[in-house]
Amino acid sequence: MATVLKTQKANASKGKRKADDMEVDDAGAEMQVKRKKNKQRVLLLSSRGVTHRMRHLMNDIEALLPHVKKDAKLDSKNQLHLLPELADLNNCNNTLYFEARRHEDLYLWAAKTPNGPSIKMHMQNIHTMDELKLTGNCLKGSRGLLSFDASFDETEWGRLTKEIFTHIFGVPPGARKAKPFIDHILTFSILDNKIWFRNFQIVEKDPLQPNGPPQTSLVEIGPRFVLTPIRIFEGAFHGATVYSNPEFISPAAVRSAIRRQQGSKYGQRKKAEEESARRKEFRRREEDELAVSKVFA
């Protein structure tokens with residue numbers, strides 16, 4: 001009998017909580033639940049050919065985002081259509097894909113899977129936590145606040161990028177590895193049409209005065225990197241181009257221009273040597289009868 005009473009009380013409490021979470025309109029029809037559940041999961045993987053710095057950066061991002069699930073490397077760079085299927089198999093609705101190219105060029109894909117959109121970006125100025133050796137620190141698995149620059153709301157591609165980054169870098173409160181603490185801030189800023197990423201710890205007391213009054217300040221933790229948007233696609237890793245950055249110049253084009261400039265310097269130097277030899281030949285005087293070579297022949 002006691003067991004039956006406990007079961008009835010438990011069911012009654014569950015029904016009460018469910019009723020509290022529901023809204024009832026004037027007509028008496030039930031509406032949707034007030035609180036929307038954030039069920040974002042991110043698949044993190046890379047292509048073959050990544051360097052040690054890229055691997056350390058991926059480990060830093062995995063430590064910052066407890067809702068990330070890491071997968072093995074993708075063998076072929078020409079089979080990006082397999083990424084939505086991998087995300088579906090891993091029960092993830094977002095994907096971060098690091099694509100390595102020649103000369104240590106690194107590209108980052110951020111996509112909503114399986115239907116998109118997706119953004120392809122070029123990563124530069126990469127600094128991992130081990131390289132920076134900053135004084136800041138945060139709890140592993142803690143949730144972070146997201147801070148976006150006001151410039152994101154000024155353009156269409158900025159608003160779309162902000163929405164995708166919110167889904168990827170925003171840690172759900174119910175994530176399996178997440179801790180119930182918020183002690184750092186992830187900042188995204190736009191400068192020169194590039195996205196600058198920084199991570200700061202929230203310090204509520206002055207380290208020089210531990211017993212003093214509370215004083216909130218920010219201390220950088222790392223990692224840090226810069227993203228240059230290249231294209232935004234309608235689908236996940238494919239589809240029509242929604243936005244194309246006209247100011248982006250690929251690293252291969254930059255290296256080709258440098259080689260052409262170096263080749264032009266060599267050509268100018270050889271041309272100057274030929275011109276100097278021609279002038280010397282033009283200024284040479286003909287030998288007369290009293291020349292030393294003829295007198296003492």
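Here is a short walk through this structure, from the whole chain down to a few single residues.

What you're looking at is a predicted model, so it makes sense to begin with how confident the predictor was. The mean pLDDT of the protein is 84, and 87% of its residues reach 70 or more. Confidence isn't even along the chain, though: strand β10 (residues 224-233) has the highest, at a mean of 96, while helix α1 (residues 2-20) has the lowest, at 44. Over residues 1-9 the pLDDT stays under 50, and the model shows zero contacts there beyond four places in sequence. Residues 11-33 are below 50 as well, but that stretch does have 12 contacts in the model beyond near neighbours in sequence. Where pLDDT is low, the predicted coordinates shouldn't be read in detail.

Now step back and take in the whole thing. The protein has 297 residues, and 34% of them count as buried. Its secondary structure adds up to seven helices and 11 strands. How much of the contact network links residues that sit 24 or more positions apart? Counting contacts with a separation of 6 or more, such pairs account for 63%. On the outside, the accessible surface comes to about 19700 Å², with 51% of that belonging to carbon and sulfur atoms.

Let's head inside, to Asp60 in helix α2 (residues 52-64). Asp60 is buried, yet it has no salt bridge. Where is the nearest side chain of opposite charge? That would be Lys140, 9.6 Å away, and a salt bridge would need the charged atoms within 4 Å. Leaving aside residues up to four places away in sequence, Asp60 touches Thr128, Met129 and Pro223.

Thr128 is a good next stop. You'll find it in the loop between β5 (118-127) and α4 (129-132). Is Thr128 buried or exposed? It counts as buried because its relative accessible area is 2%, and the cut-off for buried is under 20%. Besides Asp60, Thr128 touches Arg53, His56, Leu57 and Pro223, again not counting residues up to four places away in sequence. Pro223 is therefore a contact of Asp60 and of Thr128, by the 4.5 Å cut-off for heavy atoms.

Finally, come back out to the surface. Val292 belongs to helix α7 (residues 292-295). With a relative accessible area of 62%, Val292 is exposed, since anything over 50% counts that way. Val292 also has company: together with Leu290, Val295 and Phe296 it forms a nonpolar patch on the surface, with about 500 Å² of accessible area between the four.

Technical notes. Residues numbered from 1 in each chain as written. Predicted model: local features only at pLDDT ≥ 70, side-chain atom pairs only at ≥ 80, totals over all residues. Heavy atoms only, no water. Patch = residues over 30% accessible without salt bridge, like charges linked within 9 Å, V, L, I, M, F, W, Y side chains within 5 Å. Areas by Shrake-Rupley, 256 points an atom, 1.4 Å probe, with all protein chains shown as cover. Helix = DSSP H or I, 4+ residues; strand = E, 2+ residues; numbered from the N terminus. Buried < 20%, exposed > 50% of the residue type's maximum accessible area, 1.4 Å probe, protein only. pLDDT = per-residue confidence, 0-100. Lys, Arg positive; Asp, Glu negative; His and termini not counted.
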